[in-house]
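Q: Please give a close account of the enclosed space in this model. I should also like the open spaces and the elements around them to be described, with the criteria stated.

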Amino acid sequence: MVHLGNSWDSILAEEFSSSWYMQLREFLKYEYSHYRIYPGMYDIFNALKLTDYDSVKAVILGQDPYHGAGQAHGLCFSVREGVEPPPSLKNIFRELHEDTGVPIPVSGELTKWAQRGVLLLNTTLTVREGRPQSHKGHGWELLTDAVIRKLNERERPVVFILWGSNARAKKQFITAPQHLVLESAHPSPLSAYNGFFGGRHFSKTNAFLARNGIPPIDWDLTH
């Protein structure tokens with residue numbers, strides 16, 4: 001069974017023992033044995049493993065993992081060290097730089113953000129090679145809905161950063177008034193100019209955290 005090694009294990013225990021999750025497991029067993037699936041099965045839950053429930057300051061919601069070889073490793077928008085940052089991630093880095101002045105990093109690996117309190121969660125956690133959204137509708141959304149609901153229940157404020165329609169669909173689960181929701185178009189080249197650029201979500205996140213007595217996020221990946 002799933003072992004995350006932190007408080008998410010108990011918080012999500014009901015989901016991981018549910019009948020729909022058992023069906024999802026069977027689906028994934030078949031997919032991993034018959035196709036090339038990303039990320040690798042040991043990286044599926046990296047977002048939850050790296051950012052414990054109590055340490056979440058902000059959530060960035062993606063769609064589903066990168067579907068090309070060597071890219072996805074369980075954190076939305078992130079690629080491993082040494083892998084060319086995809087266009088969406090380049091646009092994120094551009095907006096980050098224009099918003100905060102933080103230097104644009106060479107590496108597209110976002111693990112440091114995860115370690116600093118940013119839950120980098122996709123709405124669907126796996127994908128078949130070359131087939132975007134191929135694992136949509138098989139149960140992952142029920143799990144990621146539960147993650148958002150559980151964070152919504154937290155008293156300490158969280159910033160929910162929703163980029164694109166798949167992420168924005170989760171807004172319905174964010175009802176507690178202490179939290180902040182920031183939403184915009186997806187950072188992909190197809191939609192980044194329709195409201196993603198200029199959204200200033202990075203500085204807005206830190207301003208909100210500061211107002212609530214929470215240390216801001218260090219967005220600088222170059223150190």
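A: Gln63, Asp64, Thr123, Thr124, Gln133, His135, Lys136 and Asn166 form the lining of the largest cavity. A cavity is a set of points on a 1 Å grid over the protein atoms alone where a 1.4 Å probe fits but cannot get out, and lining residues have an atom within 4 Å of a point. The model is predicted, with pLDDT of at least 70 needed for local features and 80 or more for side-chain atom pairs, while totals for chains, interfaces and linings use all residues. Residues are numbered from 1 along each chain as its sequence is written, and side-chain values use heavy atoms, without hydrogens or water.

The volume of the largest cavity is about 30 Å³, a volume being the space filled by probe spheres set on grid points joined across faces, edges and corners. The count of cavities of 30 Å³ or more is 1. Its lining holds no nonpolar residues, 6 polar ones and 2 charged ones (nonpolar: Ala, Val, Leu, Ile, Met, Phe, Trp, Tyr, Cys, Pro; charged: Asp, Glu, Lys, Arg; polar: the others, Gly among them).

Thr123, one of the cavity-lining residues, is also touched by threonine 144, whose other contacts (heavy atoms within 4.5 Å) beyond four places in sequence are Leu121, Asn122, Leu125 and Lys170. Threonine 144 belongs to helix 7, residues 140–152 (helices are DSSP runs of H or I with at least four residues, strands are E runs of at least two, both numbered from the N terminus). With a relative accessible area of 1%, threonine 144 is buried (under 20%; exposed is over 50%, partly exposed in between, with a 1.4 Å probe and protein chains only). A polar atom of the threonine 144 side chain lies 3.3 Å from the backbone oxygen of glutamate 141.

Gln63 and Asp64 recur in the lining of the largest pocket (a pocket is an open set with protein on both sides within 12 Å along at least five of seven lines). The largest pocket encloses about 470 Å³. Its lining has 30 residues, and those closest to its centre are Gln63, Asp64, Pro65, Tyr66 and His186. In composition, the lining has 17 nonpolar, 12 polar and 1 charged residues. Strand 3 supplies the largest share, 3 residues; helix 4 (46–50), helix 5 (87–100) and strand 3 (118–122) each give at least two.

Helix 5 merits its own description. Its buried residues are Ser88, Leu89, Asn91, Ile92, Phe93, Glu95, Leu96 and Asp99, and their cover includes helix 6 (111–115), strand 5 (159–163) and helix 9 (201–211). Proline 87 lies in helix 5 and is partly exposed, at 48% relative accessibility. Proline 87 touches Pro187 and Pro189, leaving aside residues up to four places away in sequence. The C-alpha atoms of proline 87 and isoleucine 214 are 32 Å apart, with their positions 127 residues apart along the chain. Just after helix 5, glycine 101 adopts a positive phi of about 85°.

The second largest pocket holds about 390 Å³ of space. Among its 15 lining residues, Val2, Arg25, Met41, Ile44 and Phe45 are closest to its centre. Helix 3 (residues 19–34) provides the largest share of this lining, 5 residues. By class, the lining of the second largest pocket comprises 10 nonpolar, 1 polar and 4 charged residues.

Key
A polar contact is a pair of N or O atoms within 3.5 Å; within protein, one must be able to donate a hydrogen and the other to accept it, and residues adjacent in sequence count only if both atoms are side-chain atoms.
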